[in-house]
Amino acid sequence: MDFKRILTIQDISCVGQCSLTVALPIISACGIETSVLPTAVLSTHTGGFTGFTFRDLTDDIPAIKAHWQKEGLYFDAIYTGYLGSTKQVAFVADVLDSMGKENSINIVDPAMADGGKLYYGFDDEFVSAMRTLIPRADFLLPNITEACFLTGTPYEERHDREFLEMLLRKLKEMGAKNVILTGESFTEGKTGFILYDGVCFLDYAHEKIARGCHGTGDIYASTFTGALMNGKDAFTAAKIAANFVVEAIKCSQSDPDHKYGARFEPVMYKLNEELGIRN
Ligand code: PXL
């Protein structure tokens, strides 16, 4: 059997169901060994909480990478998410360039913005740094706000086909091999994703659930990574991820105290069934 080892690079938000506390269980449940490179440790995520702690791990990255190289530890895929500082982005670019095995896959989620705004603590300098990861991405997974910031396009509430295709084309021109715009579709009143590989725009639309949850981008990117590493083609992996996010959001609807994240744990078995994995 061909065992795959992937590396995911993002923060540990101790409470809040995002980043590594989502990526580690989901990708592992997809049957893939998941190594981690934590970018920062926060007491909670930064959305909807105040007074959180933040320990930046930027300066640990070069030594961690050097040790892995010494041990000959390389990865079949590298998936990046929330990064802790502008300086760190260059270190992460270096890890993407040098720690993959031959034919490894880079999945870049430019986790930095939503709802027309950058997340707390990010600025234009960080956005510019994040642009340097685009040509390294086999799969770039922005939401529409991130796509606007990365392309320097003013954010608009208008999400018609012309606007969405323009964003996807620009990101492709900026060097991404494939772009998956999340949380959008070409069908009015629905959400989903649009995958652009430079040739076709492949659209998948599903129901929009009234109450969205924090961290769903991380559930999406983690599930996509896990499904892709199980040999699914990109469109199928993206569809499995979209359906799993819907299941997790539905599962969270009845619990108003759970607004800080989406409950994916009770529906994990559905992802296992979909991928034919028995835990
Ligand atoms: O889910 C994205 C994310 C990840 N990590 C931290 C965050 C956020 C979004 O706000 O604050 C720390």
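**Figure 1. R158 is partly exposed, at a relative accessible area of 35%, and its side chain forms a salt bridge with that of E156.** The view is taken from a predicted model. Between the two side chains, the N to O distance is 3.3 Å. E156, the acidic partner, has a relative accessibility of 29% and so also counts as partly exposed. Side chains of opposite charge can pair when their charged atoms come close. This pair belongs to a total of 14 salt bridges found in a search of the whole structure.

**Figure 2. Within helix α6, the side chains of R161 and E165 form a salt bridge.** The N to O distance is 2.9 Å. The two residues are four positions apart in the helix, so about one helical turn separates them. Their surroundings are as follows: E165 is buried, with a relative accessible area of 14%, whereas R161 is partly exposed, at 46%.

**Figure 3. A salt bridge links the side chains of E207 and K250.** Here the N to O distance is 3.1 Å. E207 lies in the loop between β11 and α7 (216-229), while K250 is in helix α8 (residues 234-252), so the bridge ties together parts 43 residues apart in sequence. E207 has a relative accessibility of 41% and counts as partly exposed; K250 is partly exposed too, with a relative accessible area of 40%.

**Figure 4. E156, R158, D160 and E162 are joined into one network by salt bridges that share partners.** The pair E156 and R158, with its N to O distance of 3.3 Å, is shown again here with D160 and E162, the other members of the network.

**Figure 5. Helix α5 (residues 144-151) is largely enclosed by the rest of the structure, because seven of its eight residues are buried.** The buried residues are I144, T145, E146, A147, C148, L150 and T151. They pack against three strands and two helices, namely β6 (113-114), β7 (117-118), β9 (178-182), α4 (124-131) and α6 (161-173). At the start of α5, N143 places a side-chain oxygen within 3.0 Å of the backbone nitrogen of T145. After the helix comes G152, which has a positive phi near 70 degrees.

**Figure 6. An open sheet is built from nine strands with mixed pairing.** Strands of a sheet pair through backbone hydrogen bonds, either parallel or antiparallel. The strand order is β3-β2-β1-β4-β5-β8-β9-β10-β11. At the edges stand β3 (54-56) and β11 (201-206); each has a single partner strand, so one side of each lacks a neighbour in the sheet. Inside the order, β8 (residues 139-140) runs parallel to β9 and is joined to β9 by two bridges. F139 stands opposite N178 of β9. Helix α2 (residues 61-71) packs on this sheet and touches β1 (5-15), β2 (33-44) and β4 (75-80). The direction of α2 makes about 165 degrees with that of β2.

**Figure 7. Helix α1 (residues 20-29) packs with helix α9 (residues 268-275).** Two packed helices are described by the angle between their axes and the distance between the axes. For α1 and α9 the angle is about 35 degrees, and the axes are 10 Å apart. The residues that meet are P25, I26 and A29 from α1 and M268, L271 and N272 from α9. By class, five residues of this contact are nonpolar, one is polar and none is charged.

Notes:
Residues are numbered from 1 along each chain as its sequence is written. This is a predicted model: local features need pLDDT of at least 70, side-chain atom pairs count only at pLDDT 80 or more; totals for chains, interfaces and linings use all residues. Side-chain values use heavy atoms; hydrogens and water are left out. Axes are lines fitted to C-alpha atoms, for helices over the stretch in contact, and angles run from 0 to 180 degrees between N-to-C directions. Contact means heavy atoms within 4.5 Å. Ala, Val, Leu, Ile, Met, Phe, Trp, Tyr, Cys and Pro count as nonpolar, Asp, Glu, Lys and Arg as charged, and the others, Gly among them, as polar. Buried means under 20% relative accessible area, exposed over 50%, partly exposed in between (1.4 Å probe, protein chains only). A polar contact is a pair of N or O atoms within 3.5 Å; within protein, one must be able to donate a hydrogen and the other to accept it, and residues adjacent in sequence count only if both atoms are side-chain atoms. Two strands pair if DSSP finds at least two bridges between them. A salt bridge is a side-chain nitrogen of Lys or Arg within 4 Å of a carboxyl oxygen of Asp or Glu.
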